[in-house]
Amino acid sequence: MTYRIALALVATLATPALAQDVRKGSLTISQPWSRATSPRATVGAGFLTIRNAGAQADRLISATSPRAERVEIHTMSMDGGVMRMRQLVDGLVVPAGGDATLAPSGNHIMLIGLKSPLKAGERIPATLRFARAGTVTVQFATGGAGDSAPAAQRGGHK
């Protein structure tokens, strides 16, 4: 093995794999990612983009993960300088020919009752349930605790 090939192999193994797009029917789920949590954290969050190439809207209605006691779809807003989070009990609409983005400071997947902390570099499995498309399994690529975007948008891992 040449020095250049060995160096490329080490660099590849040292960098967490970027999240892959997942397709089901007219939906494409892109860049599922999460942030590392502190060792005592009981909650975490997942972020992603859902694109709907279909002619009919769909709705993300629930999610599950073996890493959490329960998973909810949440929205976050600021009200007079106070952060407010609430569950979207009716789910989240993914418009026909449009998309729904779940990102920090907005809509997100809330992992409640974590069974262990989320660690940078690991993948967190989750199953998303849609009204039309059915279930879709994703893997949230976990970045650093302070990350504001998935590794692919930051040009790799920190």
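The exercises below, each with a worked solution, concern a predicted model of one protein chain.

**Exercise 1. The overall build**

Determine how many helices and strands the chain has, and in what pattern they follow one another along the sequence.

Solution. Begin with the count of elements, which gives one helix and 11 strands. Reading along the sequence then gives the pattern α-β-β-β-β-β-β-β-β-β-β-β. Next, turn to the contacts between residues at least 6 apart in sequence, of which 66% join residues at least 24 apart. Finally, consider exposure: buried residues make up 39% of the 158 residues in the chain, and the accessible surface comes to about 8,800 Å², with 54% of that surface belonging to carbon and sulfur atoms.

**Exercise 2. The nonpolar core**

Find which residues have the most contacts inside the largest nonpolar core, and which strand gives the largest share of this core.

Solution. The largest nonpolar core has 26 residues, and those with the most contacts inside it are Ile-29, Ile-50, Leu-60, Ile-109, Leu-111, Leu-128 and Phe-130. The largest share of this core, four residues, is supplied by strand 10, which covers residues 123-130. As background, nonpolar side chains in soluble globular proteins tend to be buried together. To see the surroundings of one core member, take Leu-111: beyond the residues up to four places away in sequence, Leu-111 touches ten-odd positions that need not be listed in full, including Val-43, Ala-68, Val-71, Leu-118 and Ile-124.

**Exercise 3. Phe-140 and Asn-52**

Decide for Phe-140 and for Asn-52 whether each is buried or exposed, and work out what surrounds them.

Solution. Phe-140 is found in strand 11, residues 134-143. Its relative accessible area is 1%, and because buried means under 20%, Phe-140 counts as buried. Leaving aside neighbours within four places in sequence, the residues in contact with Phe-140 include Pro-32, Trp-33, Phe-47, Leu-48, Ile-109 and Glu-122. For the last of these, the C-alpha atoms of Phe-140 and Glu-122 are 8.2 Å apart, while the two residues are 18 apart in sequence.

Asn-52 has its place in strand 3, residues 43-52, and with a relative accessible area of 2% Asn-52 is buried as well. The side chain of Asn-52 has a polar contact of 3.0 Å with the side chain of Ser-26, and a polar atom of the Asn-52 side chain lies 2.9 Å from the backbone oxygen of Gln-56. Apart from residues up to four places away in sequence, Asn-52 touches, among others, Leu-27, Asp-58, Val-94 and Gly-98.

**Exercise 4. The salt bridges**

Establish how many salt bridges there are, and which parts of the chain the pair of Glu-122 and Arg-67 ties together.

Solution. The count comes to three salt bridges. In the pair of Glu-122 and Arg-67, the closest N and O atoms are 3.1 Å apart. Glu-122 lies in the loop between strand 9 and strand 10, and Arg-67 in the loop between strand 4 and strand 5, so the pair ties together parts that are 55 residues apart in sequence. Glu-122 is partly exposed at 22% relative accessible area, whereas Arg-67 counts as buried at 13%.

Glu-72 pairs with Arg-70, with the closest N and O atoms 3.0 Å apart; here Glu-72 is buried at 14% and Arg-70 is partly exposed at 45%. Arg-84 pairs with Asp-79 at 3.2 Å between the closest N and O atoms, and Arg-84 is partly exposed at 45%, as is Asp-79 at 44%.

**Exercise 5. Positive phi and a surface patch**

Identify where Gln-31 and Ser-105 lie, and which residues form a nonpolar patch on the surface.

Solution. Most residues other than glycine have a negative phi. Gln-31, in strand 2, nevertheless has a positive phi of about 45°, and Gln-31 is partly exposed at 24% relative accessibility. Ser-105 lies in the loop between strand 8 and strand 9, has a phi near 70°, and counts as exposed at 61%.

The nonpolar patch is formed by Met-78, Met-83 and Met-85, with about 330 Å² of accessible area together. Of these, Met-83 lies in strand 6, residues 82-87, and because exposed means over 50%, its 51% relative accessibility makes Met-83 exposed.

How values were computed
Residues numbered from 1 in each chain as written. Predicted model: local features only at pLDDT ≥ 70, side-chain atom pairs only at ≥ 80, totals over all residues. Heavy atoms only, no water. Patch = residues over 30% accessible without salt bridge, like charges linked within 9 Å, V, L, I, M, F, W, Y side chains within 5 Å. Areas by Shrake-Rupley, 256 points an atom, 1.4 Å probe, with all protein chains shown as cover. Salt bridge = Lys/Arg side-chain N within 4 Å of Asp/Glu carboxyl O. Helix = DSSP H or I, 4+ residues; strand = E, 2+ residues; numbered from the N terminus. Buried < 20%, exposed > 50% of the residue type's maximum accessible area, 1.4 Å probe, protein only. Core = buried A, V, L, I, M, F, W, Y, C linked by side-chain atoms within 4.5 Å. Contact = heavy atoms within 4.5 Å. Polar contact = N/O pair within 3.5 Å; in protein donor to acceptor, adjacent residues only side chain to side chain.
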